[in-house]
Amino acid sequence: MTDPYAGQPGPGAPYGGPQPGGGVPARQPKRRINARLIVGLVLLVLLIVFSAENTRSVKMRLIGPEVHAPLFLALLIAALVGVLIGLVVRRRRRSKA
């Protein structure tokens, strides 16, 4: 069974005009490299280098028992705690304003 309207202009298309969905494929939007992506990649590389350089085991004790862990892990935990404190302070300042 063949379509008797194949090749005919569709509704709303001018006579002899291009058919919807045929011919030229739609262009994909180009992905731009922005500053955030570059900074994120640089920080990732620095984190990997930092971790590889600081593998010496250190003793840590906060309140409980003493724990032996790599130095980079201790510094990473300290940095994460600092970021969390910063986020809490920032949120409290915004709620007061």
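**Entry 1: the hairpin**

I began with the link between the two strands and found that β1 connects to β2 by a hairpin of six residues. The model is a predicted one. I then looked up how the strands pair: β1 and β2, the latter covering residues 67–70, are antiparallel and are joined by four bridges. For one pair I noted the partners by name: valine 58 is bridged to alanine 69 in β2.

**Entry 2: the whole chain**

I listed the secondary structure next and recorded two helices and two strands. Read from the N terminus, the order is α-β-β-α.

How much of the protein counts as buried? I found that 6% of its 97 residues do. I also recorded an accessible surface of about 9600 Å², with carbon and sulfur atoms contributing 64% of this area. Turning to contacts between residues at least 6 apart in sequence, I noted that 3% of them join residues at least 24 apart.

**Entry 3: confidence**

I checked how far the prediction trusts itself. The mean pLDDT of the protein is 79, and 72% of the residues reach 70 or more. Among the elements, I found the highest confidence in strand β1 (residues 57–60), at 91, and the lowest in helix α2 (residues 71–96), at a mean of 87.

**Entry 4: asparagine 54**

I located asparagine 54 in the loop that lies between α1 (35–53) and β1. Is this residue buried or exposed? Asparagine 54 has a relative accessible area of 19%, so I entered it as buried, the limit for that class being under 20%.

I then searched for its surroundings. A polar atom of the asparagine 54 side chain lies 3.0 Å from the backbone oxygen of phenylalanine 50. Leaving aside residues up to four places away in sequence, I found that asparagine 54 touches Pro70, Leu71 and Phe72.

**Entry 5: methionine 60**

I moved on to methionine 60, which is in strand β1. Its relative accessibility is 26%, and therefore I entered methionine 60 as partly exposed.

Which residues does methionine 60 touch, if those up to four places away in sequence are not counted? I listed Pro65, Glu66, Val67, Ala69 and Ala74. I also looked up the spacing between methionine 60 and leucine 71: their C-alpha atoms are 9.5 Å apart, and the two residues are separated by 11 places in sequence.

As a reminder for reading β1 and β2, I added a general rule. Side chains in a regular strand alternate between the two faces of the sheet.

Terms used. Residues numbered from 1 in each chain as written. Predicted model: local features only at pLDDT ≥ 70, side-chain atom pairs only at ≥ 80, totals over all residues. Heavy atoms only, no water. Buried < 20%, exposed > 50% of the residue type's maximum accessible area, 1.4 Å probe, protein only. Contact = heavy atoms within 4.5 Å. Areas by Shrake-Rupley, 256 points an atom, 1.4 Å probe, with all protein chains shown as cover. pLDDT = per-residue confidence, 0-100. Polar contact = N/O pair within 3.5 Å; in protein donor to acceptor, adjacent residues only side chain to side chain. Pairing = 2+ DSSP bridges.
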